[in-house]
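This report goes through one protein chain, moving from its overall make-up to single residues. Please keep the sequence and the coordinates at hand while reading.

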Amino acid sequence: MEQSNLRKSIAIIGNIACSITVILINKWIYKEIGFPNVTLTFIHFVMTFIGLYICEKLNIFCQKSISLKDVWLLSATFCGFVVLTNLSLENNTVGTYQVAKSMTTPVIMAIQYFHYNKKASLPVVLSVIPIIFGVICNFSYDIKFNVIGCFFACTGVVVTSLYQVLVGEKQKELQVNSMQLLFYQAPLSAAMLLVIIPFVEPLPWEWYTAFSFKEFMIVLSSGCVAFFVNLTIYWVIGNTSAVTYNMAGHMKFLLTLIGGFFIFNEWPQQNQILGIVCTLGGVLAYTHIKVRKKRSL
């Protein structure tokens with residue numbers, strides 16, 4: 001029993017630490033090194049696949065045969081959501097980036113309503129109102145507000161929402177878990193980005209003059225941490241529950257904001273704090289309603 005609780009605690013703490021670290025280190029890479037965004041995402045996908053390959057050989061999960069035609073659309077949205085959210089992180093403050101991600105919840109609700117005719121209950125609808133208000137308030141009073149950052153944040157939220165809906169569908173349709181699905185997504189997404197990189201960013205052989213060995217090692221370490229984010233998500237949900245993972249998400253939300261404030265000196269204005277509080281309150285209310293509904297089933 002004690003070993004089980006220890007394993008759960010390690011999984012939760014590891015996920016929180018890795019999730020916060022990858023955001024802050026990526027922000028530092030963009031701000032201090034200026035490493036190209038799409039190439040960084042490509043490296044993350046490659047590192048994730050290598051990590052998954054090692055995990056599969058260590059029997060952490062079992063590979064399941066999946067046709068590439070079943071995951072190409074999912075891989076394309078995977079590319080879109082990671083690239084766009086990274087661009088949002090690059091062009092916004094950490095606080096605005098983090099708060100904007102909360103809009104994923106109401107956007108998913110809208111997709112489910114218009115595409116699947118799935119209506120949310122009144123309490124759930126009411127819980128997302130402070131989320132929307134908080135995000136708008138935060139953007140309006142952001143000390144570093146810019147149109148392109150807002151664009152990337154908004155498009156990132158839409159594509160992320162589509163991706164999360166598709167992941168849920170594919171896991172049910174193909175009867176696979178997240179690791180089995182990601183084992184195919186990651187290399188296919190990397191291949192898609194490899195086709196795009198020559199048209200939008202410097203080629204690998206140009207890095208020699210643009211970045212030092214130390215800087216490139218920091219980029220690779222970011223890719224390693226990104227893999228451990230996915231691995232610890234699998235551990236947390238596997239050893240606890242999706243509800244526990246969501247609750248850990250609230251802790252990540254707050255700690256990432258605090259990290260951005262101190263590390264990058266991105267202190268929010270008074271009205272931004274109001275927006276952050278409203279957003280967090282809405283997210284907590286939404287989680288509480290979902291947990292209560294699940295327990296009543």
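A helix is here a DSSP run of H or I with at least four residues, and helices are numbered from the N terminus. In that numbering, asparagine 86 belongs to helix H3. The model is a predicted one, and every value below is computed from it.

**Overall make-up**

The protein chain contains twelve helices and zero strands, which gives the pattern α-α-α-α-α-α-α-α-α-α-α-α when read along the sequence. Of the 297 residues in the protein chain, 47% are buried, while the exposed surface of the protein chain comes to about 15500 Å², with carbon and sulfur atoms supplying 68% of that area. Among the contacts in the protein chain with a separation of 6 or more, 88% join residues that are 24 or more positions apart.

The unreviewed UniProt entry places the feature "transmembrane region" at several spans, among them residues 249–267 and 273–289. In the model, residues 249–267 are 79% helix and 0% strand, with the end C-alpha atoms 22 Å apart, and residues 273–289 are 100% helix and 0% strand, with the end C-alpha atoms 24 Å apart. Leucine 254 sits in helix H11 (residues 242–263) and is partly exposed, at a relative accessible area of 37%. Its C-alpha atom is separated by 9.4 Å from that of isoleucine 276, although leucine 254 and isoleucine 276 are 22 residues apart along the chain.

**Helix H3 and its aromatic pair**

H3 has 20 residues and reaches 28 Å from its first C-alpha to its last, close to the 28 Å expected at 1.5 Å a residue. The helix is mostly covered, since 15 of the 20 residues in H3 are buried.

A search of the whole structure returns twelve aromatic pairs. One of them joins phenylalanine 78 and phenylalanine 81, whose rings are 5.8 Å apart centre to centre with 45° between the planes, a tilted arrangement. Why are these two residues separated by about one helical turn? Phenylalanine 78 and phenylalanine 81 are three residues apart in helix H3 (residues 72–91), and therefore about one helical turn lies between them. An α-helix has 3.6 residues a turn, so residues three or four places apart point the same way. Both phenylalanine 78 and phenylalanine 81 are buried, and together with Phe45 and Tyr163 they form one aromatic cluster.

**Two buried asparagines**

Asparagine 86 is buried, with a relative accessible area of 6%, because that value falls under the 20% cut-off. Leaving aside neighbours within four places in sequence, asparagine 86 is in contact with Asn26, Tyr30, Asn37 and Thr41. Asparagine 37, one of these partners, lies in helix H2 and also counts as buried, at 5% relative accessibility. With the same neighbours left aside, the contacts of asparagine 37 are Tyr30, Val83, Asn86, Leu87, Glu90 and Glu201.

**Nonpolar cores**

The largest nonpolar core holds 58 residues, of which Phe35 and Leu181 touch the most other members. The elements that give two or more residues to this core include helix H1 (2–33), helix H2 (37–57), H3 and helix H8 (178–200), and H1 provides the largest share, ten residues. Apart from this core lies another, of ten residues, among them Val99, Val135, Phe139 and Phe261. Leaving aside neighbours within four places in sequence, leucine 181 is in contact with Ile66, Val71, Leu74, Val167, Lys170, Gln171, Leu174 and Val176.

**Two loop residues with positive phi**

Most residues other than glycine have a negative phi, and most peptide bonds are trans. Two loop residues with a positive phi are set out below.

| Residue | Phi | Loop | Relative accessible area |
|---|---|---|---|
| Asparagine 59 | near 65° | between H2 and H3 | 64% |
| Glutamine 175 | near 55° | between H7 and H8 | 59% |

Asparagine 59 is exposed, and glutamine 175 likewise counts as exposed, because the cut-off for that class is over 50%.

Technical notes: Residues numbered from 1 in each chain as written. Predicted model: local features only at pLDDT ≥ 70, side-chain atom pairs only at ≥ 80, totals over all residues. Heavy atoms only, no water. Phe/Tyr/Trp six-rings, centres within 6.5 Å; stacked < 30°, edge-to-face > 60°. Buried < 20%, exposed > 50% of the residue type's maximum accessible area, 1.4 Å probe, protein only. Contact = heavy atoms within 4.5 Å. Areas by Shrake-Rupley, 256 points an atom, 1.4 Å probe, with all protein chains shown as cover. Expected span 1.5 Å × (residues − 1). UniProt positions renumbered as here; feature names shortened; annotations may be inferred. Core = buried A, V, L, I, M, F, W, Y, C linked by side-chain atoms within 4.5 Å.
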